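Biologist: Please take a close look at the salt bridges in this model, and tell me which side chains pair and how exposed the partners are.

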Amino acid sequence: MSLISRNLQAVHDSIAAAARTASREAAEISLLAVSKTFGPEAVIEAADAGQTAFGENYLQEALDKMAAVRAARPGLQLDWHFIGPIQSNKTRAIAEHFDWVHSIEREKIAQRLSEQRPAHLPPLNVCLQINISGEASKSGAAPEQAPELAHAIAGMPGLRLRGLMAIPEPADTFERQRAPFKQLHQLFDRLRMQGLALDTLSIGMSVDMAAAIAEGATMVRVGTAIFGQRHYAK
Ligand SMILES: *Cc1c(COP(=O)(O)O)cnc(C)c1O
């Protein structure tokens, strides 16, 4: 058994344990393997262990990796999720090559992705990224802007609004990790009550997965716990 497949098994076990503690079904929580900075061979190893969804932050790195994986394993069907900051000049390639985008924080970027989504592909699944820690330097739309943005995105034909994503400030205890997730969960419920058909709460990474699952995470984005430490500052 490879290290990556053992790590994946351990992450699935942690998800199951956190779900049990939260009286939830583990099947409600999907695992996004964040493969940024790791090469195509790591993706293939994870795919061989049954992982199908991969998250990437950097467009060029992701496109190179997708091409290498396709060349090595022509029949392999993977879902690619873009989870990094989006510049306007990158939207076309993102719309053409990804299945999901988690990091939408502005209407203009959403509009471009919708217009540039190729007609032969299904609508691009998207999450609105929310800044729940409230710091000016952090990515994400302010929670107060979320309803207006979410309704605007929900009306865009090239997109399918699936839910919310957030990356809170690191915190050292379970309860401190949980607090911002709770805020996001409440916002998620409010938007659903306003009639938006959201099914995805994209929260939780290697270190705060259990707190996110306690607050309703339906997709955890895990890199380090699967692939190991990243060796450069990405
Ligand atoms: C890198 C990254 C992750 C994974 O973080 P780990 O701590 O390695 O699990 C998740 N989400 C986003 C947006 C990231 O950039």
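Modeller: A salt bridge is counted here when a side-chain nitrogen of Lys or Arg lies within 4 Å of a carboxyl oxygen of Asp or Glu. The model is a predicted one, in which local features need pLDDT of at least 70 and side-chain atom pairs count only at pLDDT 80 or more, whereas totals for chains, interfaces and linings use all residues. Residues are numbered from 1 along each chain as its sequence is written, and side-chain values use heavy atoms, with hydrogens and water left out.

The structure holds seven salt bridges, and one of them joins Asp-172 to Arg-176, with 2.6 Å between the closest N and O atoms. Both Asp-172 and Arg-176 are exposed (over 50% relative accessible area, against under 20% for buried and in between for partly exposed, with a 1.4 Å probe and protein chains only).

Glu-215 and Arg-178 also meet through their side chains in a salt bridge, at 2.8 Å from N to O. Because Glu-215 sits in the loop between α8 (209-214) and β8 (219-222) while Arg-178 belongs to helix α7, this pair ties together parts 37 residues apart in sequence; helices (H or I, at least four residues) and strands (E, at least two) are DSSP runs, numbered from the N terminus. Glu-215 is buried, at a relative accessible area of 5%, whereas Arg-178 is partly exposed, at 26%.

A further salt bridge brings together the side chains of Asp-199 and Arg-162, at 2.9 Å from N to O. That pair links distant parts of the chain, with Asp-199 in the loop between α7 (174-193) and β7 (200-202) and Arg-162 in strand β6 (residues 159-165).
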